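These notebook entries record what I looked up in one protein model. I began with charged pairs and then turned to the fold, the aromatic rings and the surface.

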Amino acid sequence: AVTYSSYVSEYSRRRLYLLLWRMHKEMTRTDELLHNMMPISVVAKLKEKVEVADHKQGVLFLYSDIAGFTAMSRQVHPEEVLKMLNYLYDIFDALVIRHDLFKVQTIGDAYIIMSNDDSAMRDR
């Protein structure tokens, strides 16, 4: 009974250590993603659960959506839809790189980018 108890205790400690290590790894990854998207001052406020409503000059947020995409995609062969989206997104991707923008997300026919001329953002 003592051996089994020791085993369970050791197993529990190791499992807890593993879970804490994974949590730390994910939190570090989350921090890196946030610092890529936002100025350091905003990330710090979010972590402190402080309302963030700073006014910044030179902020760009672009949301691109293809008008009539759903109707068009019903009438066109799926391979043609993919070719069109790949062509369009290749152009957008090249512009993002050329102008040092941040690609937030691509969802279906939506393409979302942002930029910030804030010096804190550039120093990340």
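**Entry 1. Salt bridges**

I counted a salt bridge where a side-chain nitrogen of Lys or Arg lies within 4 Å of a carboxyl oxygen of Asp or Glu. The model I searched is a predicted one. With that cut-off, I found that Glu10, Arg13 and Arg14 are linked in a network of salt bridges. For the pair Glu10 and Arg13, I noted 2.8 Å from N to O. Both residues belong to helix α1 and are three residues apart, so about one helical turn separates them. Glu10 itself is partly exposed, at a relative accessible area of 30%.

How many salt bridges does a search of the whole structure find? I recorded six.

One of these joins Lys47 to Asp31, with 2.9 Å between the closest N and O atoms. I noted that this pair links distant parts of the chain, as Lys47 is in helix α2 (residues 40-47) and Asp31 in helix α1, 16 residues apart. I entered Asp31 as partly exposed, with a relative accessible area of 24%.

I also looked up the salt bridge between Asp93 and Lys103, where the closest N and O atoms are 3.2 Å apart. Here too distant parts of the chain are linked: Asp93 sits in helix α4 and Lys103 in strand β2, ten residues apart. Asp93 is partly exposed at 25% relative accessibility, and Lys103 is partly exposed with a relative accessible area of 35%.

**Entry 2. Surroundings of Asp93**

Which residues does Asp93 contact, leaving aside its neighbours within four places in sequence? I found Lys103 and Tyr111. Asp93 and Tyr111 are 18 residues apart in sequence, and I read 9.8 Å between their C-alpha atoms.

**Entry 3. Overall layout**

I then noted the secondary structure. The protein has five helices and three strands. Read from the N terminus, the order of elements is α-α-β-α-α-β-β-α.

Of the 124 residues, 18% count as buried. About 9,900 Å² of the protein is exposed, and carbon and sulfur atoms supply 59% of that area. I also checked contacts between residues at least 6 apart in sequence; 45% of them join residues at least 24 apart.

**Entry 4. Aromatic rings**

I searched the whole structure for aromatic pairs and found four. The pair of Tyr89 and Tyr111 is tilted, with 5.2 Å centre to centre and 35 degrees between the planes. Tyr89 lies in helix α4 (residues 78-98) and Tyr111 in strand β3 (residues 110-116), so the pair ties together parts that are 22 residues apart in sequence.

Why do I class this pair as tilted? Planes under 30 degrees apart would count as stacked and those over 60 as edge-to-face, and the angle here is 35 degrees.

Are the two partners buried or exposed? Tyr89 counts as buried at 10% relative accessibility. Tyr111 is likewise entered as buried, with a relative accessible area of 1%. I further noted that Tyr89, Phe92 and Tyr111 form one aromatic cluster.

**Entry 5. A buried acid**

I next looked up Asp109, which lies in the loop between β2 (102-107) and β3. Asp109 is buried yet has no salt bridge. Which side chain of opposite charge is nearest to Asp109, and how far away? I found Arg74, at 12 Å.

I then listed the contacts of Asp109, leaving aside its neighbours within four places in sequence. They are Ser64, Asp65, Ile66, Phe69, Leu85 and Tyr89. The last of these, Tyr89, is the residue I entered above as paired with Tyr111.

**Entry 6. A nonpolar surface patch**

Finally, I turned to the surface. Tyr4, Tyr7, Val8 and Tyr11 form a nonpolar patch there, with about 480 Å² of accessible area together. Among these residues I looked up Tyr7, which is found in helix α1 (residues 2-37). Is Tyr7 buried or exposed? I entered Tyr7 as exposed, because its relative accessible area is 54% and the cut-off for exposed is over 50%.

Definitions and conventions. Residues numbered from 1 in each chain as written. Predicted model: local features only at pLDDT ≥ 70, side-chain atom pairs only at ≥ 80, totals over all residues. Heavy atoms only, no water. Phe/Tyr/Trp six-rings, centres within 6.5 Å; stacked < 30°, edge-to-face > 60°. Helix = DSSP H or I, 4+ residues; strand = E, 2+ residues; numbered from the N terminus. Buried < 20%, exposed > 50% of the residue type's maximum accessible area, 1.4 Å probe, protein only. Patch = residues over 30% accessible without salt bridge, like charges linked within 9 Å, V, L, I, M, F, W, Y side chains within 5 Å. Areas by Shrake-Rupley, 256 points an atom, 1.4 Å probe, with all protein chains shown as cover. Contact = heavy atoms within 4.5 Å. Lys, Arg positive; Asp, Glu negative; His and termini not counted.
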